Each structure stands twice: as C-alpha cells, then as structure tokens.
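Student: Please take one part of this model and look at it closely, and then set that part in its surroundings. I would like the cut-offs behind each term to be stated as you go.

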Amino acid sequence: MTEFLQQLINGLSLGSVYALIALGYTMVYGILRFINFAHSDVFMVGAFAGFYLSRYFPRESFGGGLAVMLLAMLLCAALGIVIERLAYRPLRKGSNLAVLITAIGVSMLLENTGQLIFGADYKAFPTLFPVRTIVMPGGLDLSSNQLLVFGVTAALLIGLQFIVLKTKIGTAMRAVSFNHQAASLVGINNDRIISFTFGLGSALAAAGGILYSMLYPSIDPYMGVLPGLKAFVAAVLGGIGNIPGAALGGLLLGLIETFVNGSRFSTYTDAIAFALLILILIFRPAGLLGKFQAEKV
Amino acid sequence: MLGWLILAAALAGCHKSDEPSGGGAEPIKIGEFASLTGKEATFGQMSHHGTELAVNELNKAGGVLGKQLQLLTEDDQSKQGEAKTIARKLISRDNIVALLGEVASGRSLEAAPVCQESKIPQISPSSTNPKVTQIGDYIFRICFTDPQQGAVLAQFAQNTLKVKRVAVLTDAANTYSVGLATYFREAFTKAGGTVVDEQKYSGGDKDFKAQLTTIKAASPEAIFIPGYYTDVGLIARQARELDIKVPLFGGDGWESQELCSIGGEAVEGTYFSTHFSPDEKSPAIQEFVKKFQDKYNVTPDAMAALGYDSAMLLVDAIKRAGTTAGPQVRDALAATRNFPGITGQITIDEHRDAKKPLVILQVSGGKFHLVEKISPE
Amino acid sequence: MHRVKTIFAGRPKTLLLAALAGTFVLWLCSSQINPYYLDVLTKIGINVTLAVSLNLINGYTGQFSLGHAGFMAVGAYTAAAITLFGGPKILPAESSHFFGVATGGLFFGALIVGGLAAALAGLLVGAPSLRLKGDYLAIVTLGFGEIIRVIFRNIDSLGGALGLNGIPPYTNIFWVFGVAVVCTYVVVTMVHSTYGRGFIAVRDDEVAAEAMGLNTTRYKIVAFVVGAFFAGMAGGLYGHYALSIDPKGFDFMRSIEIVVMVILGGMGNTGGVIAAAVLLTLLPEWLRRFDQYRMIFYSLLLIGLMLARPQGLFTWKRKPVLQA
C-alpha cells in the first residue's frame with residue numbers, strides 16, 4: 001500500500017509537469033489549429049534560464065526561487081512571442097503544413113543553438129527552493145519539491161482558468177479560437193491575441209521546465225524532446241484545444257508512466273502509454289474531454 | 001530532372017576538399033573521431049585534448065619520418081549512426097593513414113568494420129568491450145577490457161568493500177554497460193558473492209525510482225552501476241532520496257567531473273574503476289598533468305591520458321614501421337612491447353588488447369582520490 | 001529534353017526498364033566511385049524510397065502519418081533476421097559458384113518479406129486510424145511508430161536495446177536505386193490511374209468522395225499498406241548498409257525527417273519529393289565543414305525555405321484545394 005501511495009505521489013508530480021507543458025500545446029492548437037513543435041524547446045530554455053538566473057538570487061530560499069521562476073517565465077513568454085512573430089505569423093495565411101515544418105525548424109534551431117551556447121553536457125540544476133523530505137505516516141517519503149510542483153501547477157491552472165473564463169482577453173482568446181474571421185469582425189485584434197496566447201503558453205512551459213528540473217536536476221539542450229512528446233500526447237488524450245482536458249491528460253499520463261515504470265513491464269512504459277492513448281482515441285475520437293466535431297458539409 | 005541537376009551540383013560541391021596549408025612536404029594525416037558534442041561530450045572533449053596535446057608535442061619535436069602530423073578530428077555528436085559515415089569520409093576523402101577513436105565501445109564498433117575493410121589501423125583509446133578488437137586484425141585498443149574490469153571490480157567488492165550481496169543496475173541500451181554487468185556478475189559469483197537483484201534502465205532516462213525501490217527491497221550491501229556518468233549522477237541522488245545508504249560503485253564510464261556536479265552530495269564516498277589517476281606520483285604522470293593543465297586549464301582524466309597515449313603509440317608504430325602504409329603500421333602496432341604510456345606500460349597481445357592495471361578512485365570533496373591500483377590476473 | 005519526354009510519354013514501362021538499366025550500369029561502375037560518395041548515394045536512394053512511399057500516404061491520400069520509421073524498423077529487423085539467422089542455413093559455401101547468386105536471391109527474398117511484414121504493420125496501423133482525422137491521426141500513427149520501436153527494444157533475440165550487429169553488407173547501389181525506381185514507378189502509376197484518382201479525392205474532400213460512392217476506407221488502407229511495404233524495403237536496405245541497427249535509430253525524429261522531405265517537396269508532387277529527399281540527404285553532409293554550426297545552419301535553412309516557398313520547394317502550380 002505504501003508503495004502504491006508513493007508511486008501515486010510520484011506520478012502526480014510528474015503528471016503536473018506534463019500538464020503544464022500540455023497546456024501550452026493545447027492553447028496554441030485551440031487558437032491556431034497548429035501543433036507548435038518548438039514548444040518542448042521553450043520548456044528547455046525555461047530550465048536553462050532558471051539555471052543561469054539562479055546565480056543572481058539567493059539559493060535555497062522561497063523568495064529567490066520564486067523570483068527565478070517568474071523571471072524565467074517572462075523571458076520565455078518573450079521568446080514565444082518572438083518566435084510567433086518571426087516564424088509563424090508570415091505563414092498563417094498559407095497551408096498548415098508549411099508552418100509545421102517551420103516549427104520543426106525552430107525546434108531544431110533552439111536545440112542546436114542551445115547546444116552551442118550551453119554546451120551539450122548535462123548540467124546540474126541548482127537547488128532553488130529549500131528542500132526537505134517530509135516523512136509521512138506509513139513510511140511515505142514526500143519531497144518538498146514534489147509538494148511545490150503540485151502547488152505551483154494548481155496555482156497556475158487556476159490562474160489560467162481565471163484568465164480564460166473571467167477576463168476580457170480570455171474571452172477574446174476563446175472568440176478567436178471559435179472563428180477567426182468573426183472575431184476580427186467584432187473588433188478583436190487577432191494578432192495581439194495570438195501573441196498573447198503564445199506568450200502565455202510559453203510562460204507555462206518555462207514554469208514546467210523549472211519544476212521538472214527541480215525533480216530531475218540534470219539539464220541538457222535536448223531535455224525537452226521526450227517530455228514535450230509526452231505532453232503533446234497528454235494534450236491529445238484530453239482533447240486537444242481543451243484546457244481542462246490538457247491538465248487531465250497530463251496527470252493521467254504521469255500516473256500511467258509512473259505505475260508502469262514500477263511494474264514488471266517497465267521496459268514497455270512508452271508503448272503502454274501510447275497503446276492506451278490509441279485505445280481511448282478509438283472509443284472517443286476527440287479525446288477524453290473533447291467535443292467530437294461533426295463535419296459540416 | 002531538377003533532382004538530377006541538384007544532385008550533380010551538390011556532388012560537384014562536395015569535390016572541394018580542404019587542402020591543408022603549410023609549406024614543405026605533405027603532412028601525415030591522422031584521423032580522430034570523438035563525441036565532442038552531445039550527451040557524452042566530456043568523454044570526447046577530454047580524449048581529444050589528450051590526442052591534440054600529443055600531436056602538438058610530436059610536431060614540435062619534428063613530427064615523424066621527416067613530416068609533420070595533421071590531426072583531422074570529426075565530431076560524432078555522441079550519436080549512433082554517425083561514426084560509420086565519418087570513418088568513410090576520413091578514409092576515402094581525407095586519406096588518413098590511421099584512425100584514433102572512440103571512447104564509447106558502441107561507436108568504436110560502428111567505425112571498425114570500415115577501417116578493417118579499408119586496411120586502415122584503428123586504435124581505440126578507451127573502448128573496453130571485447131567485441132571491438134574482434135572485428136578484425138586492424139583494430140587495436142590500448143586499454144583494459146571489460147572482462148578484466150569486471151573481474152577487478154568483483155575483487156574490489158569482495159576484498160575492499162567486503163560485501164557479499166550486491167545489486168546491479170544496468171543501462172540496457174548501452175553495449176558497454178551490459179557487457180561490464182555480465183563480466184562483473186560472472187567474476188563476483190565465481191568468487192562466492194551473490195547478485196541479489198538486477199534492474200535495467202535506458203540511458204537518458206531521468207527517473208530511476210521504480211528500479212531503485214525494487215533494489216532497496218532486496219537489501220543489497222552495495223549497488224554496482226556499470227553505466228555512464230550522465231545517468232549515474234541522477235541515480236545516486238534518487239537512491240539517497242529513497243534512503244538507500246549502501247555504497248555505490250561502477251566502472252570507467254563514471255569518469256567525468258560532471259559526475260560530481262550532477263550527483264552532488266549523493267556521489268560522495270562512491271567508488272569507480274578507471275585507467276589513470278592524476279594523483280599518481282610518478283614523474284612522467286606529474287609532468288603530463290602539468291602540461292595538460294597549462295594548456296587546457298583543467299586536470300586531465302583517464303580519457304585525456306588515453307587519448308594522449310593512443311596518439312603517441314600510433315606515431316611510435318609509424319616510426320618502427322618506417323612507413324605510413326596500413327599493413328606495415330598494423331604489424332608494428334601488433335608488435336608493441338612495453339611502450340611507456342602515461343597510463344602504464346602498453347603491450348599489445350594477440351587479441352590486439354592491452355593488459356593494463358586499473359585504479360580505483362573514490363569521490364571525495366567533489367574530486368577523485370586514488371584508493372588503490374589493481375592489476376588484472 | 002522534350003525529345004526524351006516524348007519517347008517515354010505514355011510508356012511508363014519503358015521508362016521503368018530504362019531506369020533499372022541505368023541503375024545496373026551505375027552499379028557496374030560503382031567500384032570507380034569514391035566509397036564516401038557511394039555511401040552518400042546509398043543514403044539518398046534509401047531516403048528517396050522512404051519519402052516517395054510516405055508521399056503516397058501523406059501527400060496523395062492526405063493521411064497525416066508520423067510513424068513511417070516504425071514501418072522501416074519492421075522491414076529492417078525482419079530482413080536482417082532472415083539474412084542473419086536464415087542465411088547460414090540456406091546459403092551454399094562461400095567458395096561455391098552459386099554463392100553470389102544465392103546471396104542476391106536471399107537478399108531479395110529478405111527485402112520482400114521485410115516489405116510484406118511492414119505492409120502487415122501498415123494494415124494494423126491503418127485500420128484503427130480510419131476513424132480519426134488530421135492531428136489525432138498524426139498522434140496515433142506516431143504512437144504506433146513508438147510502440148513498434150519499444151517492442152523491438154524488448155526482443156532480446158534481435159539484440160534488444162543494444163541493437164542487431166553483424167548484418168551482412170548486401171546492400172549496393174543496384175538494390176538501393178532499383179527499389180527506389182520501382183517504388184516511384186508503383187506510386188506514380190497507381191496515383192495516375194483511374195483507380196488512383198480516388199486517393200487524391202480522399203485527400204481533397206473526404207466527405208464528397210464518400211458521397212460519390214468511393215470506398216474511402218479501402219483507399220486509406222491501400223495507401224498505408226503500399227506505403228508501408230516500400231518503407232519496409234527501405235528499412236531492409238538500410239539494415240544491410242549500416243550493418244547494425246538499433247531501435248533508437250527508428251524513433252519519431254526519423255519519421256519527422258521523412259515528413260519534412262515530403263512537405264518540402266510539395267505534398268503529392270513525386271518529383272518534388274524526390275528532389276527534396278536528395279537535397280535533405282546531401283545538406284547535412286555538405287554542412288559537415290561547419291562543424292558545430294552544422295545543424296544550426298540546417299535548421300535555419302529549413303525555416304528560410306519554408307518562409308520563402310511555403311507551398312513546397314518544387315510545386316510550380318498550386319493544386320486547388322478547398323479551404324473553408
């Protein structure tokens with residue numbers, strides 16, 4: 001039982017990180033019907049931003065850690081906006097596939113530039129927040145880092161829902177995701193909303209990057225590839241374009257991965273995760289929370 | 001149509017090979033491939049520094065056979081699949097007389113068939129998996145092999161760590177790791193020890209808690225981790241987080257300063273075997289350490305020392321052969337007896353391997369300290 | 001040029017035979033060519049086969065498949081298993097006169113079986129994916145590709161995570177370009193036939209195609225199966241060229257590389273796709289001179305190319321595609 005609970009905790013903390021990354025994917029997809037391949041690398045940049053920024057702030061302190069995280073999020077928001085402006089906006093009118101290739105190009109560019117600037121070796125991520133191991137009844141070990149990951153993710157999720165549902169700009173985002181043309185007809189500046197969405201998604205990815213690095217403190221320029229893929233799967237699992245869906249998908253995937261890893265089938269973890277995804281999609285083709293869009297002729 | 005035009009133009013472009021400048025006779029070209037970038041960048045960079053240092057020294061002393069040496073280095077990015085093309089390019093287009101590389105057994109294995117086929121000698125500085133030199137008679141190594149390393153580590157576990165029950169955590173995606181795990185297990189069980197549990201991971205994984213939890217349940221007295229430093233740091237951390245207090249030890253794949261920066265407190269007190277320690281007091285070693293530090297601002301490790309020795313040995317063989325022709329250099333290499341390397345006396349045996357002593361290092365205060373030196377039987 | 005076109009116009013079979021003959025001649029001359037260039041040419045041929053076969057699925061039939069490397073893996077492992085394990089039992093002694101012919105026959109057989117195994121995989125992948133559209137389909141195909149890779153990683157008799165070594169070096173220029181030529185021939189003639197118009201119909205407007213009575217399900221499955229078959233053969237060729245294969249080499253990044261070729265070439269434009277495959281194989285080689293900046297230039301070029309010519313490098317006329 002202890003092991004089950006322990007794995008549950010591990011799974012939820014991993015899943016929280018996936019959820020954060022998945023949110024970025026799903027938001028951009030909702031608005032632009034486009035899979036931002038470079039998102040996983042913004043995650044990586046966030047981690048490295050945290051790594052370098054941490055030198056200017058006190059280690060092992062809440063204030064310092066929070067400051068680093070916020071700054072990294074701002075930095076990556078800016079990065080996301082710049083990428084959108086330079087690489088994606090010119091192609092928005094054209095076919096979806098051209099943007100996809102550009103996104104792949106941007107992803108490779110970030111990875112390789114990162115390798116050039118940061119060096120390809122693994123770097124040790126510093127201890128941002130004070131770490132304590134909380135021993136719970138029954139022999140469970142909860143790391144304060146894990147608690148932090150839940151907490152930050154939950155806070156960001158609530159914040160995001162608030163923005164999307166209760167603010168003017170959130171309403172604008174939803175409008176643009178329903179229908180571009182209609183939105184601009186009612187006076188929404190589509191370009192600005194799209195930039196904002198990218199910025200928001202990238203900020204979340206950066207937060208995810210830092211939280212992930214707190215859990216697994218070894219960072220390298222290619223660290224985003226696998227988590228990015230899994231987060232993307234999570235987003236699709238939950239119904240792509242659906243914000244709560246992305247969160248649900250992320251948590252679910254984190255849990256599945258952790259439990260399978262701890263079982264006899266640990267070498268099949270990725271395959272099992274995908275197989276489950278495929279099964280779910282066969283029975284619910286629009287994902288768990290997605291609405292199946294009947295094709296209008 | 002367009003496709004063919006592009007093909008033609010591109011091939012024409014490929015024809016421009018960069019000719020080295022420098023007056024006088026054509027230099028002797030030595031090829032080197034290493035993981036200068038990518039996951040195991042420190043392996044490649046250290047190895048390259050060592051090789052480069054040797055080549056510069058040799059050139060200052062007049063080169064060999066009256067000609068200067070030119071080192072052509074290519075980066076395989078720590079990736080599978082690049083080594084073969086690189087070897088082909090260096091041999092067929094750049095006309096190297098011999099190839100130095102690689103640190104990782106998996107990548108040496110990729111290039112070896114190409115060298116063997118082209119009759120170009122290849123010297124691996126530190127690939128320890130036996131399969132490497134089995135590819136053919138043009139493939140050599142100047143380091144010990146994993147059967148030896150496994151046996152020595154088993155001995156170390158029994159005699160120094162004094163443990164009888166060990167768990168093994170192997171990187172199942174790494175030829176070196178799997179090989180070393182097997183040889184350790186064989187030697188350890190033969191000496192009366194028991195391997196209480198064996199778990200696997202895949203190089204690049206970040207989360208090992210599942211495997212470590214199972215290992216913990218088997219109550220080992222020590223854990224053997226025959227992987228690369230890139231993963232060991234994280235493994236050690238997570239082991240300590242799971243309250244696993246027993247000693248951890250591994251092989252020469254641990255050898256990198258990065259082990260300490262990633263592993264931090266968790267790797268303090270752990271042990272690993274390798275080929276060379278800069279702590280050794282012999283004048284030759286201390287002189288090498290000083291030269292290396294002066295040039296590169298960092299203390300050399302085993303990969304650097306072996307990189308240095310591989311270049312030195314190659315040039316010595318060329319000198320003995322009196323020519324750079326493949327078959328003669330190969331024969332000279334095979335005939336090497338007691339070549340004075342920084343990493344020890346190098347004698348090439350009939351398998352084209354070298355029987356060298358191992359050093360056991362312990363991590364202490366973020367640095368590696370020499371614990372003991374063991375020669376394989 | 002025009003003369004050549006008229007000779008071959010309307011006589012695809014003649015073109016096919018001429019191309020195969022050309023390949024044979026190239027093979028005969030292959031000992032004269034620098035081994036490094038031969039190496040690159042082999043890679044080009046394999047990539048062309050992969051790109052053209054994927055083009056059938058993605059380009060002509062509009063099914064966004066991101067798992068092509070999985071089919072390649074199936075073909076590679078199957079063919080290698082046959083030559084490695086079956087070879088010693090079937091082949092005559094090396095000194096025998098028949099050795100050369102026997103190995104050729106064995107290799108051909110292995111390639112075909114590899115292709116068939118991959119085709120089977122294509123069937124398994126294609127079938128459940130039929131209900132899904134666009135990005136969901138992409139994810140599912142990606143998922144299948146990963147599942148295939150993980151399965152191979154766990155089959156220890158095929159090397160497991162360490163990969164399969166010591167595959168006999170049967171691949172040569174003749175086989176590589178022979179398969180590429182045949183693949184192109186099959187795909188092009190299929191699509192340009194009356195039956196083949198169905199593929200394009202499915203891509204352009206699936207609902208309308210269904211309404212017109214086309215069995216869109218069948219077209220999609222055929223596309224997957226044929227595409228997978230040739231990807232499998234390409235995989236077999238790759239295995240006997242690289243001499244060692246491991247699951248990491250067939251991951252989704254590999255699939256992405258092929259997808260890039262198809263999109264860059266202009267979806268559905270076979271000539272363009274071939275040119276893109278050639279270009280994208282040569283580019284990294286040519287960029288080797290830039291050492292560590294190599295991949296940065298590669299990615300910049302990719303971005304630049306798409307910004308400059310979003311319709312694909314080699315699409316001269318925009319195919320009218322209805323966009324709501």
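Tutor: A residue is called buried if 20 or more other C-beta atoms lie within 10 Å of its own, exposed if 12 or fewer do, and partly exposed in between, with the C-beta atoms placed from the backbone. The model is predicted, so local features need pLDDT of at least 70 and side-chain atom pairs count only at pLDDT 80 or more, while totals for chains, interfaces and linings use all residues. Residues are numbered from 1 along each chain as its sequence is written, and chains are lettered from A and ligands numbered from 1 in the order in which they are written.

The part I choose is helix α4 of chain B, residues 105-118, where helices (H or I, at least four residues) and strands (E, at least two) are DSSP runs numbered from the N terminus. Of the 14 residues in α4(B), 10 are buried, and the helix is thus mostly covered; the buried ones are B:S105, B:G106, B:R107, B:S108, B:L109, B:E110, B:A111, B:A112, B:V114 and B:C115. One of these, B:A111, is where α4(B) bends by about 30°, with the proline B:P113 following within four residues; the bend is the angle between axes fitted to the seven residues ending at a position and the seven starting there. The end C-alpha atoms of α4(B) are 20 Å apart, which agrees with the 20 Å that its 14 residues should span at 1.5 Å a residue, the expected span being 1.5 Å times one less than the number of residues. After α4(B) comes B:K119, which has a positive phi, near 55°.

Chain B, to which this helix belongs, has 13 helices and 14 strands. Its radius of gyration is 21 Å, close to the 21 Å that the globule rule gives for 377 residues, so chain B is as compact as a globular protein of that length; the radius is taken over C-alpha atoms, and the rule is 2.2 Å times the number of residues to the power 0.38. The C-alpha atoms of chain B fill a box of roughly 65 × 60 × 40 Å along the principal axes, and 56% of the 377 residues are buried. Of the contacts in chain B with a separation of 6 or more, 68% join residues 24 or more positions apart, a contact meaning C-beta atoms, placed from the backbone, within 7 Å.

Elsewhere in chain B, 7 strands form an open sheet of mixed pairing in the order β7-β6-β8-β9-β10-β13-β14, two strands being paired if DSSP finds at least two bridges between them. In this sheet β7 (194-201) and β14 (367-374) stand at the edges with a single partner strand each, so one side of each is left without a neighbour in the sheet. The twist averages 25° from one strand to the next, where axes are lines fitted to C-alpha atoms, for helices over the stretch in contact, and angles run from 0 to 180 degrees between N-to-C directions. Within the sheet, β8(B) (residues 222-224) and β9(B) (residues 248-250) pair in the parallel sense over 2 bridges, with B:F224 opposite B:F249. Helix α8(B) (residues 209-217) packs on the sheet, touching β6, β7 and β8 of chain B, and its direction makes about 170° with that of β7(B). Helix α7(B) (residues 175-190) lies across β6 (165-171), β7 and β8 of chain B, and runs at about 165° to β6(B).

Conventions: Two residues are in contact if their C-beta atoms, placed from the backbone, lie within 7 Å.
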